[in-house]
Every structure is written in structure tokens, then in C-alpha cells.
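Okay, thanks for squeezing me in, everyone. I'll put the sequence and the model up, and then walk you through what I found.

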Amino acid sequence: LTVLPDSGALLRFVQLANRVDLREGEQALSECGMYAELAALYKYNGCHEEGLELLRRLSQEPDSLPRKPRGAAADLPGLPGVWAAVRYLVSLTAQHAPVITRHAGWMLAADPEAGLSALLHMSPPLDPSLALSILRRHSAHYCGLYLETALQIGVALPQDYHNELLLIYLRDILAKEPPSPSRARSAQRGAQLRQLLLTRRPDPHQPQLLFPDDLAAALHPHMAAQQQQRAGTGGGAGGGSHHLLQHHRRFASAPASSVGTPPGGMSRAGSQASLRGGGDGGAGKPQHGEEA
């Protein structure tokens, strides 16, 4: 399948129950630049550190990869890769706390909406104390926004975290500089981001795959059009890009947003759409190389 023209069959195959040898599959997929399939294989085998690190490199440092991304992976540089990592992260649990802590940081830096959405929408819910410790380490200025939203959607209980939220508000007030236009704009961005987190909730009926079938199918005509355009045998792909954008957003808990994103905090590579990849493909598989 790695030597045939990409039809999406291999991407579907590695996300379902299979007996692919992990190390042989890793070598074959890496040599072909089929990194989306490799991330799905890592996830299925419980290699979550490797899977999320691969998505980080695809999203933030695609030029650092030994082979040029091919197939679905070619569309993951930038924000699509961030949202694929979000969909991966929400399938993990508190037992994967070291992995969650390491990778939430770059997601928050690339798109605060994506990082906060991952911490808020894990299933089962991530303990707020762990989420707050992650935020204090990577993005302390989002602690209040996270906890306020967590209380509103029921992830945190008022009797446990109401006083904590009041203390966060108090510290923020004491640390604030005198009112200024820039602070007013920052407060407005925070309010808009909170509204997005409250209104853009995950769809429980979404396929629980890193790359759902409908999204994978939408990528293939888009990639074929790109290949034709590079070869000079096809026309522009503007309409196809718009169609692909709708598919990307269909599988995201929220579109990647510039609201509340600090200047310079966006991912370094450009993107055509926001993508959130998928749930619990590796249930029942032995955990490989996982940190306790």
C-alpha cells in the first residue's frame, strides 16, 4: 500500500484493528513520508509520546522531518496539525499526565483556543488541578479563563474551585497595570475566547478516529488537485480548497481562531484549514514506552 497511489485505504487501515508490526510499519511509513498514517499507528499501539511529537513536528517544524510529508500529512503543517494533536490529546487520560503536560505547552503557544479546548474536553474530564498545574507551567495567564469555563461546563465543581477562582481573580487584579487601550483589547480578546470555548463543544457523535473517514476522503481530491497543479496538468484548486476547509472544520470542536492568540504565538507554518483529529483508536492495546 505504501508504493501505490494514495487512496486513503492505508490511513483507514492503520486506524482500525490490525496486526502491523510497529517497528516495521514505522520504518516503511517514515521512508515514504506517510506521517499521518504513522501518527495513527503510534496512537493505535499506545505510543503517545511518539505520536504527539510527530504531530508537533508536522505542525510546527515540517522541514525538520527526514522525508517530505506525503498524503494526508502534506496538509498538516500549521494549525491543521495543532487540531489533529488536540483530537489525539483528548483521547488520553490522567495516567498519561507527563505526555499531556509536555505537549499541551506547544498547543497553547500555537493556538490558545486549541490548547484550552484540549484541557477542557478530555473524556473522562481531566482533573482541574492537573489542568491548572499545566497552565501554570506553560501559560499562567489562562488559568482564570480555563477555570471559569470549567465551572460553567461542569468539569470543575463550585465547592472545590470557587475559592480558587476568586484567588486567581484577586492576583490578576493586583498584578494589573493601569487601564490602557492595549489592556482593554486584551480583555476583549479574552471574553471572545471564553465565548468560543463555551459555544464550540465537541460533537459526541464524531467518529472516534484520528483522521475520520469523511475527512480523509476529502483530503484525497485536494491532494490530487495540488499534484496536477504542480505538474501543470490541472487548473486552480480554489473551489477544492474551500470544500476541504468545510471538512476540516466539521471535525473540529472549534475552528482555529486568532482570537486571544498573542502576537507571534501562532504556528510558524501556514495552513489551509483547522483540523482536529480523533479519539480512542488504541483501546485495549498494550501501552508501549509510556511514562507512568
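**A quick walk through the model**

Let me start on one helix: Tyr169 is found in helix α10, which covers residues 158-175. One thing to keep in mind from the start is that this is a predicted model.

So what is Tyr169 doing there, and which residues make a nonpolar surface patch with Tyr169? The partners are Leu166 and Ile173, and the three together make a patch of about 280 Å². Tyr169 itself is partly exposed, with a relative accessible area of 32%. That value matters because a residue needs over 30% relative accessible area to count towards a patch, and Tyr169 has 32%.

Let me zoom out. How many helices and strands are there in the protein? We have 13 helices and zero strands, so if you read the elements from the N terminus on, you just keep saying alpha. Of the 292 residues, 49% are buried. The accessible surface comes to about 13,700 Å², and carbon and sulfur atoms account for 54% of that. Now for contacts: take those between residues at least 6 apart in sequence, and 75% of them join residues at least 24 apart.

Next, helix α3, residues 35-44. Is that helix mostly covered or mostly open? Mostly covered: 10 of its 10 residues are buried. The buried residues include Leu38, Leu41 and three tyrosines, Tyr35, Tyr42 and Tyr44, but Glu37 and Lys43 are on the list too. What do they pack against? The answer is α1 (9-15), α2 (22-32), α4 (48-60) and α5 (79-89).

Following α3 comes Gly46, with a positive phi, near 75°. As background, most residues other than glycine have a negative phi, and most peptide bonds are trans. On that second point, look at the bond from Ser123 to Pro124: the model has it cis, with omega near 0°. Pro124 is found in the loop between α7 (112-120) and α8 (128-138).

Last stop, cysteines. How many disulfides does a search of the whole structure find? Zero. A disulfide, remember, is a covalent bond between the sulfur atoms of two cysteines. For anyone thinking about cysteine exposure, Cys32 is partly exposed, at 23% relative accessible area, whereas Cys143 is buried, at 6%.

That's my tour, so over to you for questions.

Technical notes:
Residues are numbered from 1 along each chain as its sequence is written. This is a predicted model: local features need pLDDT of at least 70, side-chain atom pairs count only at pLDDT 80 or more; totals for chains, interfaces and linings use all residues. Side-chain values use heavy atoms; hydrogens and water are left out. A disulfide is a pair of cysteine sulfur atoms within 2.5 Å. Buried means under 20% relative accessible area, exposed over 50%, partly exposed in between (1.4 Å probe, protein chains only). Patches are made of residues with over 30% relative accessible area and no salt bridge: like charges are joined within 9 Å, nonpolar side chains (Val, Leu, Ile, Met, Phe, Trp, Tyr) within 5 Å. Accessible areas come from the Shrake-Rupley method with a 1.4 Å probe; for residues, only the protein chains shown count as cover. A salt bridge is a side-chain nitrogen of Lys or Arg within 4 Å of a carboxyl oxygen of Asp or Glu. Helices (H or I, at least four residues) and strands (E, at least two) are DSSP runs, numbered from the N terminus. Contact means heavy atoms within 4.5 Å.
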